[in-house]
Structure formats: structure tokens, C-alpha cells
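Biologist: Hi! Could you walk me through this protein? I'm new to reading structures.
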Amino acid sequence: MTNLTNATFRPAAEGHRPTDETTAQHDPKRGALSPESRGRTTIADTVAAKIAGVAAREVPGIHNLGSGMARAIGGVRERMPGGQPSASRGVSVEVGERQAAVDLDVVVDYGYPITEVAAEVRTNVIAALERMTGLEVVEVNISVNDVDIPGDEDDDSEQRVA
């Protein structure tokens, strides 16, 4: 919290912008501090993970997110009455004060070039996170765990719950 009793505000010389931090945050027109200096915003890892998950799923060639077991459990959960897909399944995000790092487990559709899909996922996730959170995304690590082949007997969407 800023201690306003010790702050001194001097009028800036004509044509000269104030350079010290205290006077730079002061808006002389309103007589108040800028909104950025009036509090702190923290973003939870889970919020960033949901944003990254949605952004990754938007990319053509991404069949699903998550490793084998996570997809199986998620598939069962989604089939339950009222069940919805988890936006953050297969996504891990570590959020710091100004930066974030993302780890994704993905399944790519057969026929799509994996390196191109990964590059597009990385671009989309970085753009979405930086735009929505203001955090700098320092890395997006992508682990391709499977390739979805249409009609494959191991396809998660074909499994049934007994």
C-alpha cells in the first residue's frame, strides 16, 4: 500500500513530464492516483489453466487434452447427468506475479502435422493468456501423448460405462 502522507506532488514544468514514480501515478486532472496504483490483482493458476485449455482446443488438429487416464476419467465424468467437459484437463499452469508457464498434454488428430499443430497451439495459448491476464507467457511446453485415428478401437469416445 502506498503511504500518501510522505508523497510530495510538485507541479510539472511546462512541457516537461514528471519522472518520479509518485508524481507519475498522480493524475492532476482528477486529483487521484491511477487505477493501477490502487490495488493488486492476482490470477489463480486454475483461471489461467482454463484460458489455456480453451485456447488449445480452438486449434484445428487438436482432438483432446489430457493423458490417457485423465481422458478416461474425464470421459466418464462428462457422461454423467449434468457433466461437462473440464476446460483445464491436461493443462498445468504456474502463475507468478508477472509471468506464467504452461504445460499441455494433447492428442492430435491423425493426418495433421504435429509440429505445425503444436506451433499453432503455442501461438494461440500465448495470445489468449497475455491478452486476458496481462501476464507474460515465458513458455508453453506441449506433450503429444496420442494420435486419434478415426475408427480406432482405443478411441475414448467409443468407450462405454458399464
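Modeller: Happy to! One term to start with: a residue counts as buried under 20% relative accessible area, exposed over 50%, and partly exposed in between. Also keep in mind that this is a predicted model.

Biologist: Thanks! So is Glu139 buried, exposed or partly exposed?
Modeller: Glu139 has a relative accessible area of 38%, and since partly exposed covers the range between 20% and 50%, Glu139 is partly exposed. You'll find Glu139 in strand 6, which spans residues 136–148.

Biologist: Which surface patch does Glu139 belong to?
Modeller: Glu139 joins Asp45, Glu94 and Asp103 in a negative surface patch.

Biologist: What about Glu136, where does that one sit?
Modeller: Glu136 is in strand 6. With a relative accessible area of 43%, Glu136 is partly exposed. The C-alpha atoms of Glu136 and Gln99 are separated by 4.6 Å, although these residues are 37 residues apart along the chain.

Biologist: Let's zoom out. How many helices and strands are there?
Modeller: The protein chain has four helices and six strands. Starting at the N terminus, their order is α-β-β-α-β-α-β-β-α-β.

Biologist: And what share of the chain is buried?
Modeller: Of its 162 residues, 29% count as buried.

Biologist: Which residues touch the most other members in the largest nonpolar core?
Modeller: That core has 25 residues, and the ones touching the most other members are Val91, Val93, Val102, Leu104, Val121, Val125 and Leu129. Among the elements giving two or more residues to this core are strand 4 (91–95), strand 5 (99–109) and helix 4 (114–133). Helix 2 provides the largest share, six residues.

Biologist: Back to the surface: which residues form the nonpolar patch there?
Modeller: Tyr110, Ile114, Val144, Val147 and Ile149 form that patch, and together they have about 430 Å² of accessible area. Ile114 belongs to helix 4.

Biologist: How much relative accessible area does Ile114 have?
Modeller: Ile114 has 38%, so this residue is partly exposed.

Terms used
Residues are numbered from 1 along each chain as its sequence is written. This is a predicted model: local features need pLDDT of at least 70, side-chain atom pairs count only at pLDDT 80 or more; totals for chains, interfaces and linings use all residues. Side-chain values use heavy atoms; hydrogens and water are left out. Patches are made of residues with over 30% relative accessible area and no salt bridge: like charges are joined within 9 Å, nonpolar side chains (Val, Leu, Ile, Met, Phe, Trp, Tyr) within 5 Å. Accessible areas come from the Shrake-Rupley method with a 1.4 Å probe; for residues, only the protein chains shown count as cover. A salt bridge is a side-chain nitrogen of Lys or Arg within 4 Å of a carboxyl oxygen of Asp or Glu. Lys and Arg count as positive and Asp and Glu as negative; His and the chain ends are not counted. The place of a charge is taken as NZ of Lys, CZ of Arg, CG of Asp or CD of Glu. Buried means under 20% relative accessible area, exposed over 50%, partly exposed in between (1.4 Å probe, protein chains only). A nonpolar core is a set of buried Ala, Val, Leu, Ile, Met, Phe, Trp, Tyr and Cys residues joined through side-chain atoms within 4.5 Å.
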